[in-house]
Amino acid sequence: MLSRRNFLLISATTLVAVAVPACARNGAGQARQASAITEVFGDGIRLTAVAVEYSAPVEAATLSTAAFEVEGRTLVEVFPSTSTDPAERAESGRFVILALSPDDADASLAQQKARGQGNGTGSRDGAGGPGGPGGGPGKAGSRTSGSPVYRTAAASLVLANGERLATSSVKNLIVDDFQQLEFHDPDTGDRLEYNLFVPRDYDPQQSYPLVLFMHDAGATGDDPFATLFQGLGAIAWASPEDQARRPCFVLAPQFAEIIADDDSQTSSMLDTTIDLIEALANQYSIDRKRLYTTGQSGGCMMSIAMNIKYPEFFAASFLVAGQWDPALVKPLARQKLWILVSQDDGKAYPGQNAITEVLAAEGARISRATWDGTWSAEQYRAAFEKIDAEGSPINYVTFAKGSVIPPGDSGAGASGHRNTWRIAYGIEPIREWIFRQ
């Protein structure tokens, strides 16, 4: 397996032309090295900045965007920082942050989509999935190496005096805060790679919740970073902002096999993942009464299956763009669920309709609402407060037809739920609700 450093230093570069700050030109400092900075968005990881380190502090007053040029990219801001982290912004610092537009055409580091990326709930656009043409995600337990391929964030800088400076490192915001580990389950015999975020100021004398995030079939493979690079499913809970409000452990397994399929079958990774959580709860001060699960598409299906087999294990679940055999879901009627799906999802939408009908027949109290995928954070907050005021243990929200589909897209199948999770994990009130349960 590639080490993190090797993984991050093998790929194409972006040419960056950089002027020398006035203070450096006057002899106050020289550029020493540069780092590429990445950030994960709902639709994946992007190169969003370059940090240039100088031998002496650079003053904000000496910097101007007009003095810098980044080939093929839009430079939106230039400012000093005390480290390579843009959050450490200061009036003076040895690092100069070149903030780039995340909306640039070449900002994304994803080189190609996995075969069947977006499948995993039996999308009606199932052709080309890991299981073969028309086969959706494949059978539970089958192995696949179809995870996305990402080019490494790298830059070659040209200073105003003609000196070249290539980036020698990469800082992946939030991603770098996760540990890459392995679990060998003596009960199932499985080996499972996983990413673990431990709260920065972890205190074993306190008790912490844990959030389990499980990726979709499209991220299945041996690259331990795929589940983190893919979107916000794990990253959102580990952000500095969320951790300041709701410190927690975040567990993001990297599955090398299909974990749940369209026949409502799961692999042995269901029990292995549960066993991993138990092992972590024995190792760390994790509150077993505040365990939460979430997942998108295939990961959503696994969350459902876990709740059926272990109905008392999780305090609440965030189910994004998934389905399951409605004949099997009665145990969910007494659980706390937030369900989110797009009306454009050809399988997950009717699938969740069938599931909630069963739960309602079992006496579950369910609140329902239709939201718009183009809303602002303020609009999501207002819509959340309205449905939350009903106080139901199960909330079923659908994105209105066409509201999560990119312009020009036909709106069917896999594209529908890819965009569902692009938006879902960025809605903070839902994350708040999960932790209240």
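Modeller: Helices here are DSSP runs of H or I with at least four residues, and strands are runs of E with at least two. The model is predicted. By that count the chain has 11 helices and 19 strands.

Colleague: Start with single residues. Why is Asn419 called buried?

Modeller: Its relative accessible area is 8%. Buried means under 20%. The value of 8% falls under that cut-off, so Asn419 is buried. Asn419 lies in helix 10, residues 413–424.

Colleague: What makes the pair Asn419 and Arg422 a polar contact?

Modeller: Their side chains are joined at 2.7 Å. The limit for such a pair of N or O atoms is 3.5 Å. So 2.7 Å is within it, and the pair counts.

Colleague: And Ala244: buried or exposed?

Modeller: Exposed. The relative accessible area of Ala244 is 68%, and exposed means over 50%, so the label follows. Ala244 sits in helix 5, residues 240–245. Its C-alpha atom is 9.7 Å from that of Pro199, 45 residues apart along the chain.

Colleague: How much of the chain is buried?

Modeller: Buried residues make up 57% of the 437 residues. The accessible surface comes to about 17400 Å², and 47% of that belongs to carbon and sulfur atoms.

Colleague: What makes a group of residues a nonpolar core?

Modeller: The members are buried nonpolar residues joined through side-chain atoms within 4.5 Å. The largest such core has 69 residues. Phe178, Trp237, Phe318, Trp338, Trp371 and Tyr425 touch the most other members. Beyond its neighbours within four places in sequence, Phe318 is in contact with residues including Trp237, Trp338, Leu340, Tyr425 and Ile434. A second, separate core of 48 residues includes Val198, Ile304, Phe313 and Ala348.

Colleague: Now the sheet. Which strands are at the edges of the nine-stranded one?

Modeller: The order is 11-12-14-13-15-16-17-19-18, in an open sheet with mixed pairing. Strand 11 (178–184) and strand 18 (366–371) each pair on one side only, and are the edge strands. Neighbouring strands are turned by 20° against each other on average, direction ignored.

Colleague: How do you know that strand 18 and strand 19 pair?

Modeller: Pairing takes at least two bridges. Strand 18 and strand 19 (394–399) have six, in the parallel sense, so they pair. Trp371 stands opposite Phe399 in strand 19.

Colleague: Which helices pack on the sheet?

Modeller: Helix 6 (269–283) does, touching strands 11, 12, 13, 14 and 15. Its direction makes about 45° with that of strand 12. Helix 8 (348–361) lies across strands 17, 18 and 19, running at about 150° to strand 17.

Colleague: Strand 6, residues 92–100: what makes you call it mostly covered?

Modeller: Seven of its nine residues are buried.

Colleague: Which strands does strand 6 pair with?

Modeller: Strand 3 (44–59) pairs with strand 6 over seven antiparallel bridges. Glu53 stands opposite Phe95 in strand 6. Strand 5 (75–81) pairs with strand 6 over six bridges, also antiparallel. There, Val78 has Leu98 as its bridge partner. At least two bridges are needed, so both pairings count.

Terms used: Residues numbered from 1 in each chain as written. Predicted model: local features only at pLDDT ≥ 70, side-chain atom pairs only at ≥ 80, totals over all residues. Heavy atoms only, no water. Buried < 20%, exposed > 50% of the residue type's maximum accessible area, 1.4 Å probe, protein only. Contact = heavy atoms within 4.5 Å. Areas by Shrake-Rupley, 256 points an atom, 1.4 Å probe, with all protein chains shown as cover. Axes fitted to C-alpha atoms, helices over the stretch in contact; angles between N-to-C directions. Polar contact = N/O pair within 3.5 Å; in protein donor to acceptor, adjacent residues only side chain to side chain.
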